[in-house]
Every structure is written in C-alpha cells, then in structure tokens.
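Got the viewer open? Grab your mouse and let's take a walk through this one, stop by stop.

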Amino acid sequence: MESTLETKASRPTETREVDSIVIRFSGDSGDGMQLTGMQFTDTAALLGQDLSTFPEFPAEIRAPAGTIAGVSGFQVHFGSKEIFTPGDQYDVLVAMNSAALKNDLHRLKRGGVIIVNIAGFDSKNLKLAGYPEGSVSPLEDNTLDEYTVYKIDVTKHTKEALKDSALGMKEIERCKNMFVLGVLFWMFDKSMEFTLKFLDEKFGKKPDILSGNITALKSGWNYGDNTEIFTIRYKTAAAKLPAGIYRNIAGNQSTAIGIIAAAEKAGLPVFLGSYPITPASDILHELSKYKANGVKTFQAEDEIAAICTAIGASYAGLLGVTTTSGPGLALKSEAMSLAMILEIPLLIIDVQRGGPSTGLPTKTEQSDLLFALHGRHGESPLPIIAASTPADCFDAVYEAVTISIEHMVPVIFLSDGYIANGSEPWRFPTEDMLKPINTMFLTENNNPGGKFLPYKRDNRGVRPWVKPGTKGLEHRIGGLEKQNETGNVSYDSANHELMIKLRAEKVAKIADRIPLLKTDSGPEKGKVLVLGWGSTYGAIKTVMNELHAEGYADVSHAHLRHMNPFPKNLGELLHGFDKILIPEMNCGQLLQLIRAKYLIPAIGYSKVQGLPFDTDEIKTKVLEVYNSK
Amino acid sequence: METTTLEPTAPVKLTAKDFTSDQEVKWCPGCGDYSILKQVQTVLPDFVTEKEKVVFISGIGCSSRFPYYMSTYGMHSIHGRATAIASGVKAANPDLTVWVVGGDGDLLSIGGNHFIHMLRRNPNIKLMLFNNQIYGLTKGQYSPTSPKGTVAKSTPYGSVDEPFNPAELALGAKAGFFARTLDRDPKHMQAMLARANAHKGTALIEIYQNCPVFNDAAFFIFTEKETKKEEALFLEQGKPLVFGAGDSKGIKLDGFKPVIVDLTTGASKDDLWIHDETDKTKAFLLAGFADNLETHFPRPFGVYYRSERACIEDDMAAQIDAAKAKRGKTALNKILSGDKTWTIV
C-alpha cells in the first residue's frame with residue numbers, strides 16, 4: 001500500500017488531504033487504548049469515512065504495568081477510499097510507554113509519525129520494557145531517526161490541566177488517554193463533538209470524572225492548536241461508499257443483532273445458553289441486554305450445560321443458541337451429536353481463536369474448520385456457515401438461523417477473533433429487507449388414522465417440529481437410534497444405515513437453496529483463483545483491487561461462506577482456473593477438503609501466528625503462484 | 001334478567017393407562033425400576049389433567065429409559081445432562097411440567113456438576129434419583145454412592161473412594177426439597193411423589209432401587225420384615241423420631257448430637273426429636289445418619305427438608321416482564337440502526 005503521510009513540512013501547520021491513514025494506539029492495558037481507539041473510530045465513521053479496525057490485547061487482564069506482556073493496541077485504518085483491512089503497517093504510532101514503542105515500532109511505515117508520552121520513558125519504564133539497565137532511551141539515541149517523533153509529556157500536561165480538579169491523582173492519570181485523543185482529533189481535523197457526547201452519557205452521573213475527561217480532551221486539542229511542534233494536520237474526505245445509512249459495527253455485535261433479527265423474523269424468542277469464553281463472550285453480553293425483546297440468556301455452569309440448555313429450549317420450541325470458542329466447541333461435541341440425531345434447530349456459534357488447548361485466547365485463527373466439520377462421534381454431518389467480515393456476521397448468522405429452523409438441523413456458525421472484535425461501517429438493512437424465515441410447528445397428526453410419525457420427512461428430508469404442550473402429538477425422542485418415521489428405539493442394522501443416510505441427505509440437500517458461487521472479483525475462468533473463506537476476505541479483496549489495477553486481469557477471487565455443504569458449482573468454478581490458491585489462518589484445512597473432494601492440486605498458503613494476513617503477504621504469494629510454471 | 005352460567009366441564013380424570021406408552025418395557029426381571037414406573041403412572045393422574053404438558057427428560061443408564069415408557073412428551077438424552085436439558089426446557093416454557101429421571105452414576109458422577117447447579121437454581125422440576133449404588137447398564141462397576149470397599153467389576157480388590165451422601169450433597173447445593181423413599185414401599189413412594197409434586201421448586205426424591213443383577217439386596221435391610229423395623233426410620237412432620245419393633249426406640253437430641261434411646265426402659269417420647277421439615281440444621285443431621293460415624297443409626301425415609309424459594313424460570317420471566325414494562329420492546333429497525341448512524345448520499 002502506498003504511503004499516505006508526508007513527513008517533511010515546508011511550513012508550520014500545513015493541512016494535507018490524504019485518502020487513507022492507519023493509526024495504532026498502543027499503551028499499557030490500563031491506559032484506555034481500546035476506548036481511545038474506539039472513540040477515534042466512531043468519530044471517523046460518523047464523518048462518513050470507510051474504515052476497518054483491529055483491537056489487539058493481551059490475555060492477561062492487567063499484566064504487570066509497563067511490560068511488553070501488558071501492551072494493548074488498537075489499530076484503525078480509515079479514509080476516503082474503500083478499506084477492507086486494518087492495514088499492514090501504520091502511518092501513525094501513538095506509544096504511551098517504552099513497552100508500547102518497543103512492541104509496535106516494527107510495523108510503523110518508514111517515515112511515519114510517532115507520538116510518545118515521554119513520561120513512559122523513564123528508567124523504570126525502560127527497564128520494565130526490557131531495555132538493558134543503563135541503556136539510553138530510544139527517544140534519545142538514533143533509533144527513531146527515520147521517523148517524525150512528537151515527544152509530549154502527556155502525564156504532566158494532563159496533571160497540569162486538571163490541577164484544580166476534585167479528582168485524586170489516580171483518577172487524573174486515567175484521563176491522559178483523553179488528552180492524547182484531543183491531540184489526535186486536532187491533528188486529524190476531527191470534531192470532538194461525538195466524544196463529548198459519549199463522555200456525557202458515560203459519566204453523566206459522576207460530574208467530577210466527566211469534567212476531568214472533558215478538560216483533558218480539550219487540553220489535548222488546545223495543545224495541538226497552540227504549540228508549534230506539529231507541522232502538519234491531515235484531512236480525509238468522506239468515503240465514496242454506496243449511498244445509504246451506515247453505522248459502525250464489530251463482528252460480535254452484528255452476530256448478536258443477526259440472531260435477534262432472525263428470531264423476530266422466525267417468530268421465535270431467543271434462548272442463549274452460554275459459558276463465558278474469549279473471544280465469544282461479547283455475544284452473551286450483547287444479547288443479555290435485550291430482555292425487553294424477550295431474549296432469555298442463561299449463563300450455564302459449563303460449556304456442556306450451555307449447549308444442553310439450548311437443546312432443551314429448542315426442544316421446547318424456542319430458537320436455541322449457544323456461543324463459544326474452540327475449547328468450548330470441543331466440550332460441546334457430544335451434545336452437538338445429540339442435537340444432530342434429534343434433528344432439532346440449534347445455532348452453535350464458534351468464534352475461533354488460536355489453539356490447540358487454551359492456545360492464544362485473544363488472538364485469531366481459522367483452525368476449527370475441520371473440527372466443525374468432523375469433530376463429532378459417529379456419522380454426524382452438520383451445515384457450517386462462515387462469516388467474512390464484521391458486518392457480514394449479520395448476514396451469515398441470519399442465514400445460519402434460517403437453515404437451522406427450515407431444515408430442522410443444528411448449524412455451526414464460524415467467526416473468529418479478528419472479525420469478532422474488529423469493526424467496519426455497515427449499511428444496515430431495514431426490517432422489510434430481511435427475508436422471511438418459515439417456522440412451522442406441527443399441530444395435527446401427520447399420519448391420519450395411525451400413530452403420529454415424528455420422523456416422517458418431507459421432500460427435503462426434513463422432519464416436523466412439535467412443541468411439547470401440543471395435544472395428541474405426545475412422543476419421545478432421544479439419542480438412541482430411531483426407527484425410520486416412528487422414532488421408536490431401533491437396533492435394526494439396516495434401519496441404522498438408512499437413518500444415517502437420511503440424516504446426511506437432509507444436510508446435503510441444503511445445497512439446493514445455497515446460491516451458486518461466483519467470483520467476488522475477476523473473471524469466472526482464468527489463470528489463478530484465490531479461494532478464501534471467513535475473515536481472510538478483506539486482505540484478499542485488497543490484494544485483488546491492487547492486482548486488477550496493475551493489469552492482472554486473469555486473477556480472480558472467490559469467497560466461501562457455505563463450508564458445508566459447499567455450493568453446487570464449486571468444482572466447476574475451480575476447474576475453470578489453471579491454479580487455485582487457498583490462503584488460510586491454519587495449516588491448510590480448506591485446502592485438504594478441496595483437494596479431497598475435487599481432486600485438484602490446489603496450493604495452500606498458511607499463516608498460523610494468531611494474526612490476520614498482511615495484504616503484502618498474500619500479494620507476494622499470488623504473484624509467486626501466478627508466475628510459477 | 002336471568003343468566004345461566006355454563007359450568008366448564010371438568011376434564012376427564014386421566015388414568016395410569018393414559019400415561020403408559022406402547023413401548024415394551026425392557027428392564028431386567030425383578031428390577032426396582034418397574035415399581036417406580038408403576039407408582040409414577042399411578043399418581044400422575046392426581047397431579048396433572050393435561051398430559052401433553054408433561055415432559056420427562058433422562059440421561060443415560062437403565063433408569064434413563066423411563067421416558068420411552070411414558071406416553072407424555074419425553075427425551076432420552078446423553079449421559080449426565082438431563083438436568084441441564086430439563087433446565088432449558090423449563091426456562092423456555094415454564095408452563096410445562098418437567099420431570100427428570102436418572103441413576104446415581106448419571107446424576108451424581110458424570111452429571112454431578114449439572115445436578116448441583118440445578119439444585120441451586122431451583123427450577124420447578126421434579127428430580128427422581130434412582131440410587132442402586134451400582135452401574136447397571138455398563139454391567140456392574142461401582143458408583144459414586146457405592147460404599148467404600150465395594151467389590152465390583154472394576155474394583156476386584158474393593159473400591160477405595162469415599163461415596164457421596166446424596167442428602168448431604170443436595171442440601172449443601174441448596175436443594176429446596178429432599179426426600180428419600182424405597183422401590184419396595186409403593187405406598188411411601190406414592191406419598192413422596194405427591195409431596196414432591198406439591199413443592200414448588202426443584203424437588204429431589206432419592207429412591208433406593210434394587211438392582212437384582214449387579215447389586216441385589218443392597219437395601220433389603222430397609223425393606224424386609226426381619227430388619228426393617230430396626231434399620232428404617234420413617235419421618236413424619238411434627239412427630240417424634242421413633243423406630244424399632246413396637247416403636248421401642250427413639251432418637252433425641254443432646255445439643256446437636258443425636259442419641260438413640262430405649263423407650264421401654266424409662267425414656268419418654270416427650271423428650272424425643274420432633275421432626276421439622278423446615279429445619280435445615282436438623283436435615284443435615286438426618287443426612288448424617290447414613291454415615292454411621294459413631295453410632296449405628298437407622299436410615300431416615302421421608303421428607304428431610306423443604307423450603308420454597310424463587311424458581312429461576314420465574315425470575316427470568318419476571319426480569320423480561322419488568323424490562324418490557326419499563327423500556328418496551330425495542331423495534332427491530334432501531335436495533336438494526338443502533339444509536340449512531342451517518343448518511344452517505
């Protein structure tokens with residue numbers, strides 16, 4: 001990506017027009033960097049800029065202050081052009097202490113801007129950040145010669161600005177992130193209005209804290225305006241996005257909203273059985289706010305109880321949902337098989353993170369695909385839907401619920417830490433734009449003159465849903481193999497094989513309703529197809545835009561949402577290309593499926609570092625495949 | 001003007017047969033489960049008028065086949081999870097009458113976690129613990145209620161772990177109702193089922209159930225003529241604790257220490273411990289009888305403890321009602337748009 005910041009100014013406070021900027025807010029876990037980043041992001045969003053964010057925080061809640069382990073970062077990429085990733089490198093690094101600078105400097109663009117809080121660079125902080133005893137501060141030697149460095153004693157200025165405040169020293173220190181935000185608002189010519197309103201809502205009942213934060217914010221702005229250390233201000237115009245009304249949204253939030261929307265369209269109350277786990281807990285938090293909409297949330301004693309209560313709720317006729325991440329999905333495995341053989345609707349959400357085991361709880365990965373597909377005992381296929389961006393979580397989860405209800409089958413929805421926590425502008429739909437969801441409860445005997453047949457199927461292989469409480473249709477279901485149609489326990493060997501086939505066919509037939517896969521960009525036949533799934537969308541999309549602009553007309557991108565069953569034409573599409581490249585944040589899981597099913601020598605490109613792909617990485621790989629024989 | 005009110009026709013009373021499914025019952029001959037099934041089918045017509053509102057949920061084990069033999073709604077689920085699934089059913093639709101059936105292995109071992117958490121949450125569910133002190137369906141391994149030293153398939157040298165005392169476990173987990181009964185005492189079992197049914201909240205009935213194949217006669221001292229009088233103590237609210245042939249023995253409290261006294265040699269019935277189902281401290285003392293620490297006590301049967309408190313499904317529903325009353329339902333379009341939007345033209 002081209003650099004958008006110039007660092008040498010010809011005269012003081014020149015204002016430059018730029019089309020996109022990446023800022024990295026970096027500080028200690030307690031420095032409020034996530035909040036600062038979110039405020040900056042929301043402000044940019046409200047000014048109509050396209051954007052993508054990437055919060056990155058440690059697994060420890062408050063790792064020792066000042067250490068590398070405690071560094072919490074928030075990256076935002078915003079601008080007037082279309083933006084699909086949080087950016088490989090940043091133009092501006094805000095470093096609140098030595099550890100933050102040390103941790104994040106390597107991704108700052110050459111010539112980029114650094115804003116440092118020099119109070120975080122005393123000998124104690126340098127030592128905590130792992131600089132050798134007695135070494136010179138990186139602010140004093142030539143480490144930062146290639147960058148434009150603004151050294152500000154944020155701590156001192158915040159204290160001075162609040163010296164008459166009623167706040168204690170600890171609370172005053174907490175306001176320093178607002179000072180920094182004020183400086184950045186000034187530097188990027190953004191209004192403080194949104195943040196002032198936010199602070200008023202957040203601290204309205206604590207006037208001292210409210211006024212302290214406002215004073216710090218305004219002092220930061222004034223500091224930028226009055227001191228002459230800054231040579232340039234930057235302006236970004238509104239993005240030329242499709243016309244419409246937008247909001248900014250993170251993936252976990254759009255997942256939660258998608259569930260509520262789908263439930264309402266299906267005419268069913270939501271029941272969420274969940275056990276807290278990073279990075280999925282925000283869905284539980286979000287849904288628990290919607291009591292007035294009839295949403296029932298149940299914080300269970302463990303992951304198994306979480307899915308089992310949801311199974312019970314679905315059995316009783318609600319939309320049963322359970323949310324988790326990889327380790328929790330493993331614990332739910334047996335119950336998933338039960339729901340599968342019961343043939344009841346159930347939404348299982350896996351926000352993937354780095355594994356195996358506890359792995360990298362706060363980092364992202366796409367390594368649960370094969371587990372979602374195969375991680376159950378017995379022959380137990382389930383549909384799998386994967387979301388590709390924060391906003392896409394809404395559409396993807398809406399479809400997952402639709403399939404689950406209309407096909408009487410548990411559906412696994414895959415998201416990951418990257419899109420769950422990241423955010424982007426969303427041209428949200430209105431209620432009337434949402435497709436209807438057809439919920440059908442059977443209330444009359446489907447076998448007139450005979451006994452009710454709970455496992456009698458329609459032409460899609462779907463059995464009826466009967467709510468307990470329905471008179472005359474009392475019946476028993478369970479995990480033991482069932483006799484076809486009657487649902488009575490049956491150990492008959494031929495019947496078992498038949499039932500396995502019928503259940504698998506039902507899932508396979510879902511392909512009839514799935515749209516055929518088209519390329520996201522590039523021709524339907526060509527030299528290289530980049531086949532992606534899930535959260536790699538933004539990085540691949542960015543690379544495609546660049547490659548197409550550079551004249552690589554025979555390179556295409558297709559993106560899978562339906563991981564099981566695949567779109568019916570997937571094989572045909574793949575065979576239209578000389579080479580297939582599959583980038584994944586795992587060791588080649590989709591790659592394995594594609595090779596096995598379509599018998600083509602697809603090429604994998606894997607990254608398993610707990611981090612999303614850089615666009616540069618994918619671009620280099622695409623060109624390498626493109627140019628190879 | 002004269003008005004006539006039409007009396008609603010009283011629903012026709014259901015019978016035991018109405019609760020009997022068309023499935024062949026396949027427990028071993030002589031299994032205590034037959035008696036429990038029969039008593040449940042016998043008393044349910046007294047409890048409910050609409051059998052379509054009744055749901056039986058079970059886990060895995062011999063006893064867990066129970067729902068298949070009931071002609072209500074039912075689910076035979078997975079090992080240990082019946083309590084969790086039932087909690088979901090009840091929270092989803094509090095109008096349903098939900099019963100859970102499980103064995104000692106199912107509820108106390110693999111399902112121990114869900115068992116204690118259901119008790120503390122107190123959904124209005126009736127919970128029948130079929131305790132036969134052995135694993136039946138897996139063919140005879142010791143269970144978490146088998147006495148220490150039990151020689152079974154997996155413990156040829158005797159089990160080395162201390163068993164659970166189900167009453168203590170349940171009371172410790174805040175059970176609002178605990179009763180113990182016996183498969184071979186149909187009358188008492190029916191009475192306990194009625195008491196459990198009348199209790200609003202999770203009602204746990206531990207049923208001593210004979211496994212004739214793998215642990216035969218484990219509870220015969222409490223059921224057979226020769227020993228029953230000496231070994232079993234039947235609790236009645238407001239009555240003194242009396243047992244033994246011809247009610248010859250009683251139990252009194254010396255502070256918090258239960259003491260057996262002989263009523264034939266001068267001890268007075270007036271000095272005995274009067275059973276009070278609402279006294280949790282005494283319920284714990286009764287639970288301790290099974291451990292026979294210093295004295296050999298008779299085993300208490302009946303309602304140890306009952307205390308009604310809020311049920312989780314009611315509290316969940318009340319929160320929803322309060323939120324609806326206070327804020328009203330948020331329109332879907334409002335949820336979709338959120339608070340902060342901008343327009344691009």
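Before the first stop, one handy term: two residues are in contact if their C-beta atoms, placed from the backbone, lie within 7 Å. Also keep in mind that this is a predicted model.

**Stop 1: a proline in chain B.** Select P240(B). You'll land in the loop between β7 (232-234) and β8 (242-243) of chain B. Which residues is P240(B) in contact with, leaving aside its neighbours within four places in sequence? Add G250(B), K269(B), L272(B), W273(B) and I274(B) to your selection: those are the ones.

Is P240(B) buried, exposed or partly exposed? Being buried takes 20 or more other C-beta atoms within 10 Å, and exposed means 12 or fewer. P240(B) has 18, so it counts as partly exposed.

**Stop 2: a long hop.** Now pick T83(B) as well and draw a line between the two C-alpha atoms. T83(B) and P240(B) sit 35 Å apart in space, with 157 residues separating them in sequence.

**Stop 3: where the chains meet.** Show both chains. Here 58 residues of chain A are in contact with 51 residues of chain B. Colour α11(A) next: with 9 residues, it gives the most to the side of chain A that touches chain B. Try colouring that side by residue type, too, and you'll get 31 nonpolar, 15 polar and 12 charged residues.

**Stop 4: strands across the chains.** Finish by selecting β9(A) and β12 (residues 342-344) of chain B. The two strands run antiparallel and are joined by 3 bridges. Zoom in on Y246(A), and you'll find W342(B) of β12(B) standing opposite.

Notes:
Residues are numbered from 1 along each chain as its sequence is written. Chains are lettered from A and ligands numbered from 1 in the order in which they are written. This is a predicted model: local features need pLDDT of at least 70, side-chain atom pairs count only at pLDDT 80 or more; totals for chains, interfaces and linings use all residues. Helices (H or I, at least four residues) and strands (E, at least two) are DSSP runs, numbered from the N terminus. Ala, Val, Leu, Ile, Met, Phe, Trp, Tyr, Cys and Pro count as nonpolar, Asp, Glu, Lys and Arg as charged, and the others, Gly among them, as polar. Two strands pair if DSSP finds at least two bridges between them.
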